[in-house]
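The following exercises treat charged side-chain pairs and helix packing. Please examine the sequence and the model before reading each solution.

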Amino acid sequence: MRKIKGLAFEYICIGATLTALFLLALLLWDAWDKGAGWLSWRFLDSFPSRFPEQAGIKSALWGSIWLMLLTALISIPLGVGAAIYLEEYADRTWLTRIIEINISNLAGVPSIVYGILGLALFVRWMMLGRSLLAGALTMALLILPIIIISSQEAIRAVPNSIREASYALGATKWQTVKFHVLPAAMPGVLTGNILALSRAMGEAAPLIMIGALTFIAFTPSSPLDPFTALPIQIFNWASRPKAEFQYLAAAGILVLLALLLAMNAAAIIIRNKYQKYIKW
Amino acid sequence: MTSAIQTINLSAWYGNKQALTSVSMSLEENKITAIIGPSGCGKSTFIRCLNRMNDLIDGFKTEGEILIYSKDVRYIDPVELRKSVGMVFQKPNPFPKSIYENIAFGPRIHGINSNRLDAIVEESLRKAALWDEVNDRLNDNAMELSGGQQQRLCIARALAVKPKIILFDEPCSALDPLSTSKIEDLMLELKKEYTLVIVTHNMQQAARVSDHTAFFLYGKLIESGETKQIFKKPKEKSTEDYIIGRFG
Amino acid sequence: MDRLRIQRIRELAIEKALFLCALASILTTLGIILVLIFESISFFEEVPILEFLTGTTWAPTYRPQHFGVLPLINGTLMIAVGAAIIAIPLGIASAVYLSEYADLKVRQIVKPVLEILAGVPTVVYGYFAISFITPLLREFVPEANIFNAASASIVVGIMILPMVSSLSEDAMRAVPRALREGAYALGATRFEVSTKIVAPAALSGILASFILAISRAVGETMAVTLAAGATPKMTLDFFESIQTMTAFIVQVSMGDTPFGSIEYKTIFAVGMVLFVMTFLMNIVSMWIKEKYREVY
């Protein structure tokens, strides 16, 4: 009896795991099934249109790429700097503790709330309008906690013996960080940053909040240009009842997932490549 | 004989835990002083005070004076202090970079002109008796060296910033006997130019290499003196007990 | 000596700059709170706060206007509860499997795959809901609305599933081997060890993962906007069209409501409710994890 109960429990657990995996497969298959036929060079190289067979994601694709670069430019120095401060400089004071609690709390704030902040702060107050820069600033704040936390982990994983060796030679704190801690932590930092950026790549809600959901039939050429992005274009198509637009949404999803996959693959490659050299 | 290092009533705490109690001793120039004692007796804490490495630990504090060539270390910038007081650690800790970079790092951060680096690297490696083994692969990653070679590289790295004093914190405890004897030979060579302090829990090692020996117990300096005297005729009962292996 | 002084100044400047980076996170929180408070205050100058919090009709965009937020909260909670019903049993069971049953090889494959599930953008889940789940659902429940809470709950459930399973698994794996071995040595079966030893020991971490996942469901936006509809309603019928707080915020920001109008300000009032709810849940989750952490 005990055995049967145990076996049943095991099967339930396996079943649950398989269900999760099955759902992922189903989700991917559904997008592939509906969208693959609409993927073409023309789709990548055309602007959105009222006519499904002419519509493409050129502006969204370029908007997303611009947005990612700007977001990276803002969030990585800020986030890695914060992580260095918290791991290498900060004394264990109440302020440090508050900053750390605050960061893990921020990581749980819904993305749309960042959108509200972006709308009030960047679009209105700083008068950046519905621009790429406003979007990138909003996204940067959104992924900042993830960047800080993952960079902190990477920095923490650098063994103390390296720091001691550097200090013992008379290096200052910054020299130690710059020449030894950061290079050693770099694979982990990069991996974390890429994953954080891929999170931003898929976010739509904050961008809708700051007003990126408009008809854009050009590619941006400066950070102050209005823009659209892949998840927004997908949302736009998905919210139209006409079947063809649904297929376009699926095709857009395939492009978005392909980009995310590429980013994740890059993160994994970086991790594996550098792990070879660093064994403590 | 001049004393290179002198401590006066040195006490130290990690938070509330006292690690050293009123240690007063004087270490002579161009000699090897061994510091022995059971684990947790404060010997590592003691030498890590000498180059203020313990400053990096939260909640660490000291009382009393430490004089390096008659200058109180509290009034020396730690960066300057560590330049003249080098350290070699228990576990070899080369930087995960090339052999060359490991040695060049110290001189470079101290503003040495880069065209002199090659000469310094060679000189340091020669002094550390490593040059013949690595001169054809200076650009290889230091992590590929054997443990003993890594430790000698760490010694060369310390030499490259031209210290006056070198502290060894159980430098051979992670090494095999052959590598250990190479390091010991090296230390005997180095004392001609440098003042050496070595923490060890290997009594034979202390007896083999050191001129003076200090015995620590429970954070206190029990006795110190010429190594021969300490090992042959210790004044204190507890020193004798420790040396003949009754505890520790 | 001069070199030393320059070096010291540079060190100090760098430290201050890095400190400012760390401060950015505090400023973000302050920014969120201040923006929400200021804009909400001017909203509550026009709408009494009591009416907002207790009113059961939400109709800000047409006359006569009503600003009772309860229908939106109702919609949000329906999605959260529905998603939890899907995600918690599946998540916890797969966590048990991965932590207690699966061998290393299986775990090394399954875990990253589950992480992919967590990394799929939410708009993709929204698409999946309307293109696959809703039609399927309507096969079985023909009277279900095209936009309905059930379908949105299911995808949000799938979305937060990896969170439950991964955080719970971490908690269970943190239970020391010795505890398990002690039980096995007494002749316990794997089932008994999992349910009577590991799960109770990891309980705080597991509970914390539930709360965090539900908080995530409360804040979820794109999937519910696409699948759940735009009809704020006091209902418990999962097959009806509803509206969540997040979906409402999106709806307003998509339309062309002029800045400063009362409709525009609703974004901040509703955003405030959303922020407070998720914030409290995150705090509670953190607190449970800290407070009941077993010390081994």
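**Exercise 1.** Which residues of chain B are linked in a network of salt bridges?

*Solution.* The model is a predicted one, in which local features need pLDDT of at least 70 and side-chain atom pairs count only at pLDDT 80 or more, whereas totals for chains, interfaces and linings use all residues. Residues are numbered from 1 along each chain as its sequence is written, chains are lettered from A and ligands numbered from 1 in the order in which they are written, and side-chain values use heavy atoms, with hydrogens and water left out.

Step 1. Apply the criterion: a salt bridge is a side-chain nitrogen of Lys or Arg within 4 Å of a carboxyl oxygen of Asp or Glu.
Step 2. The network consists of Glu123(B), Lys127(B), Lys162(B) and Glu193(B).
Step 3. Over all chains, the search of the whole structure yields 28 salt bridges.

**Exercise 2.** Determine how Asp30(A) and Lys34(A) are placed to form their salt bridge.

*Solution.* Step 1. The N to O distance between the two side chains is 2.6 Å.
Step 2. Both residues belong to helix H1 (residues 2-35) of chain A, where a spacing of four residues separates them by about one helical turn. Helices (H or I, at least four residues) and strands (E, at least two) are DSSP runs, numbered from the N terminus.
Step 3. An α-helix has 3.6 residues a turn, so residues three or four places apart point the same way.
Step 4. Asp30(A) has a relative accessible area of 1% and is buried. The classes are buried (under 20% relative accessible area), exposed (over 50%) and partly exposed (in between), with a 1.4 Å probe and protein chains only.

**Exercise 3.** Analyse two salt bridges of chain C, Lys111(C) with Glu169(C) and Arg177(C) with Glu181(C).

*Solution.* Step 1. In the pair Lys111(C) and Glu169(C), the closest N and O atoms are 3.3 Å apart. Lys111(C) lies in helix H4 (residues 104-119) and Glu169(C) in helix H6 (residues 149-173) of chain C, so the pair ties together parts 58 residues apart in sequence. Glu169(C) is buried, at 1% relative accessibility.
Step 2. Arg177(C) and Glu181(C) meet at 2.8 Å, N to O. They are four residues apart in helix H7 (residues 177-185) of chain C, or about one helical turn.
Step 3. Arg177(C) is exposed at 60% relative accessibility, while Glu181(C) is partly exposed at 41%.
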